[in-house]
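Trainee: Please show me the complex. I would like to go through its interfaces and its core with you.

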Amino acid sequence: MASQPTAATPPRDSVNHGLRFVVAWLVLSVIATPLVVIFVGPILPPGSMTTQAHEQIYDNTWLAAVSTPVLCLVVVFLVYAFVYFRAPKGGALVDGPPLREHAGIQVVWIVITSLTVLMLAAFGTYQLLQNGSGGGQGPSPVAVPAGASHNLAVQVIGQQWEWTFRYPSFGGVETHELVLPQHTSVTLHVTSLDVVHSFWAYQLGVKADANPGTDNVAYVQTRGPGTFQIRCAELCGLFHGYMFSTGRVVSATQFQSWAKTQEAIYKTIAKYVPPYAKTYICPAAGTSPTCSPQPTLRGG
Amino acid sequence: MQVGVKLLLVAAAVAVAGVLIGFYANKLTHDANSAAYTVPVRIVNGQRVVDLKIQTVAAAGPTVSHNPDWVSYLVQTSNGVWKHLTVWDLPANATIHVTDYNFDGASGTRNPFLGRFTGTDGNRALVNGKPVDHIDPSLASHIFAVPQLGINIAFLGVPDNAKNQCGYAPCPLKTAHETIKFTFHTTTPGHYRWQCFVPCAAGWISGWGGPMQTIGYMDGFLNVKA
Amino acid sequence: MTAVTAPLRPPIWRRLVGFNLLTGIVLGIGGWYVGWFGAHAVVGPSLDYFGDVDYNELSVFMAYIGGVVGFLIGLGFLNYPARRLLGYPPSLREKETGGWARYFGLCTDHKVVGIQYLWGIGLFFFIGGLNAMLIRFELLRPTHQVFSGGTYLTLVGMHGTMMMGMMSSGILGPFANYLVPIMIGARRMAFPRVEALTFWLLMAAGAILTTTIFFGGFPTGWTGYEPLNVQAAAGMDCYILFFALAGISMTLLGLNMIATIVTMRAPGLTWMRLPIFVWGVLSTASLMVLAAPVLIAVLSMSALDRAAQTTFFSASGGGSNYLYENLFWVFGHPEVYILALPGFAIVLELLPVFARKPLWGYRLAVAGLLGVTLLSWMVWQHHLFVSGINGDLRPFYMLSTELISIPTGFTFICGLMTLWRGQIRFTVPMLFCLAWFFNFLLGGLSGVFLSDVPSDVTTHGSFFSMAHFHYTIMGGLVFTFFAAIYYWVPKMTGWQLNETLGKIHFWTMFVFFNSTFAPLFAIGFLNQPRRVNVYAHTLQFLNDWVSVSAFCLGTSMLIFLFNLVWSLAFVKKPAVANPWASRSIEFQLPSPVPVHNFDRIPVFSSDPYGYGEGPVPQWVPAGAPAGRD
């Protein structure tokens, strides 16, 4: 066959490619990683309006810091290989050295990747268990921040296609707007009246799916005042993309006066709205006093 | 096979593909229900004023829609004809007077909180001439809500035992109906969605399928233009 | 003396009659109507029982099932069972000669099935890609809408569903079917007719999915989440049927691959001499066999919820949407490894050829493939971190998801070390394989972010996760899909693909792929959820950049198509049997490979990676057995 390669391989060159590559990688990593931590870290989402959001930035910075040397490793390796190990153009086809494995490199690789991965998992678990990191934990949360029993409870109700909110400690008042007091620990109870939605309050660093018939608990500790965007992060039908609104974190006095105003407005409709409950799905119509009245099915 | 024949076959295949893609893209973009109706504008004392007349019906009927059993909104054009369109062009910085003739019976809101009116002048509406700020949510038939503008008005339903109920749209005013009037104001131009919040699509679980998720029936847009 | 005349070919109409695609389509349409009207007759006008005011759901399902049955009968799949029931002797092969006509029917030649798959999957890949172009067109403007909301969601759903369902068999269908018997020294697959069936089932599935727009489309995206699923119009049934049929196709394909690889290896081919591509196929096949049935089960339950008003997944009826989510992702996570593993296998298979070195760390590479396969069953709840699952589960799934990076890393080290001190040739297949390292690296690193629960709180359900899976699946699988095409099409067809056009295709695809998907990481971090057609004005520049890049990416695919048609239909430059100087057995055979693959069954003495270790072994020594079929 015309293209049968020769068995001869070129002599090993005197350059220690391995050392060169490792040095190049280390140099690049040592330069790049601090740059990533210093310049990319602070601009990572989602902001510092809450403790959870701030911790997510910390997490993301760490993850970026660990990823940078990995990225450098592969990129430097590829560039190095393309430069030094390319077959010369033209000429006969020549084989490379028959290197099949190297126990030392394998062991080092397995050990380092395993340690890195385990460290990341431990780090992530530690961060998560502090206070839940703003993620929904279902009806029996495990990562409960200290003093959570004294938290301000706010219910987030997802329905196609709007978010409404209820404040059980203010008589179960329901509102169209989410307002929270600053420097407060809040327990969010997220539920849905119909399909699965996902409550994503960006600057709060909160995301919790809204499931029909389930109370999904997420903890958030607000810091300074500001506004935050709320979007739906789980496809819920036609106007999923439009299911957004703006929430506010305000001072304690502003919050109290807002809540009072809402209570006064709510009085007109309060008698029709079922009492505050963790979920609102009735397994069988009319069997529970806490269920919203089910619409009557009419033909046509 | 000769080169010429092959070229012809390739050209034919490309043409067929082009036609199919064009047909597909065209079908997707031209959703008859998404056509817009530009509501006529009057100028009163230098202010822009719009009279928007809409009706809500229990069944759209075969003359205006492909889904005759579906509940629907319709809008009245300037020559009195009722059109099956739910995308309405409105002017910015204007006063919009809305009159809804509701010919449909009550199904009740899923969330009773939405029985309370917001976003209109005084957060009130005239229900059969009486100004109120809410209705009993279990008597609601449909809701007109524009969440981005904070508007939420529930329409009282026609009692089940009312005489002379309307069948298919467009419904004439001599059949049983409730009249709801309210006024709101547009400010910034934009593309605002509106929807009904009463799950009355019978047959779908929880009543939210079909017309509740289809532009042209229980959902639409307000194109507020400068 | 009478002149010897060539035998007369029957007229074209006569040749069209018979069990083939045309008959299949005719009987399929007939079967569709039988199902539709039959269901109406059985159920009658009492639509209330089945609850949907517009469509008798049962009719929709029965119509499509009738259509598929008619289609398969028309293709001839019942002929052999009928013949056996009537007492005819068993036979293995059908229609393996007959020119191009055999590609349009039931053919038991695994090489024909492979080529059928290549064209069939290619067709649906382009349809899915067209949907993607339309999606990006919609996202050019933050609030203006080109498509109505329901149509947009159907486009999103069709794109995802088509791609996931089709590309799951994207490597195994075309390339494993063609190459696995050759690579193991066999003349056929274990179950040749079943092999043909998997192809035609997938084609029927794809056709059904394209008709969803005529039934109102579906609003759930490719994940089909309940209870939104139950609210959807009849187009949702097309989605259910597509995945059910594709699931059956995948299960059978996997079974066939496992049976073939385990039982039909030629003498001398021990497990440690198996080409790494075959190991990859085996791993993928085992996932298919175990995961696809779960999908079929969950979809059956969805279909019952829709058509018979059961409430498996509806809280108002005592069911739970968590049941759907968990069942779906038990399938869904192995599914993405079904997509990713063949990519690993192709990269590891091609790198030795183009670096002219043995595959470095063969056993480590095998361990990596098997490790990924095993661990892929233990990570699925990372799709559900913020859904409200029990908080105790989250650290476990965070750990298991992080752990799966370890066997994935084995593929990286084995591939990279294969390049080390090699003689690298930058041919078109090699370029695609090298791009894999970069793309899958970014995909994998973003996966590390997503697997960290605190980070996932912001990125779940956003464009960040979209960028992640496009980098791993498109950057991983689709790039290697093209590598495989450029590498093996000369062997399959006997003609070369134009190298310059191939390089243009590669560079445009690589540049615009990264340009399209890298900004999506930022867009997700900046609060844009998935599957939306309206977004914040501040994100318009990024979205426009992505859309324009996507259009250019689509154009690069057209360059590929042009190359394909130009080279294979017009230029038709014959390819030598071994254009890449590969030591693998398929390149020791003529191009295209003859019907019976080998004159004599080979006897293997080593793996195909002995670069630098001596001449290519002659695997068909004189005394080798001729071998049974």
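What follows is a set of questions and answers on chain contacts and nonpolar cores.

Mentor: This is a predicted model, in which local features need pLDDT of at least 70 and side-chain atom pairs count only at pLDDT 80 or more, while totals for chains, interfaces and linings use all residues. Residues are numbered from 1 along each chain as its sequence is written, chains are lettered from A and ligands numbered from 1 in the order in which they are written, and side-chain values use heavy atoms, with hydrogens and water left out.

Trainee: What area is buried between chain C and chain A?
Mentor: Start with contact, meaning heavy atoms within 4.5 Å. On that rule 101 residues of chain C meet 99 residues of chain A. Buried area is the accessible area (1.4 Å probe) that two parts lose on being put together, summed over both. Carbon and sulfur atoms give 65% of it here, and the total is about 8300 Å².

Trainee: Which three residues supply the most of the area that chain C buries against chain A?
Mentor: Their share is 10%, more than any other three residues give. They are W420(C), R421(C) and N527(C).

Trainee: How many salt bridges cross the interface of chain C and chain A?
Mentor: The rule asks for a side-chain nitrogen of Lys or Arg within 4 Å of a carboxyl oxygen of Asp or Glu. R531(C) and E234(A) meet it, at 4.0 Å from N to O. The count across this interface is five.

Trainee: How many salt bridges are there between chain C and chain B?
Mentor: Here the contact takes 29 residues from chain C and 27 residues from chain B. About 2400 Å² is buried between them, 62% of it on carbon and sulfur atoms. The salt-bridge count is zero.

Trainee: Which residues touch the most other members of the largest nonpolar core?
Mentor: A nonpolar core is a set of buried Ala, Val, Leu, Ile, Met, Phe, Trp, Tyr and Cys residues joined through side-chain atoms within 4.5 Å. Buried means under 20% relative accessible area (1.4 Å probe, protein chains only). This core has 328 residues, and those touching the most other members are F199(A), W88(B), F144(B), F175(C), F277(C), L419(C) and W488(C).

Trainee: Which helix of chain C gives the most to this core?
Mentor: Helices are DSSP runs (H or I, at least four residues), numbered from the N terminus. The helix in question spans residues 321-355 and gives 21 residues. It is α12.

Definitions and conventions:
Buried means under 20% relative accessible area, exposed over 50%, partly exposed in between (1.4 Å probe, protein chains only). Helices (H or I, at least four residues) and strands (E, at least two) are DSSP runs, numbered from the N terminus.
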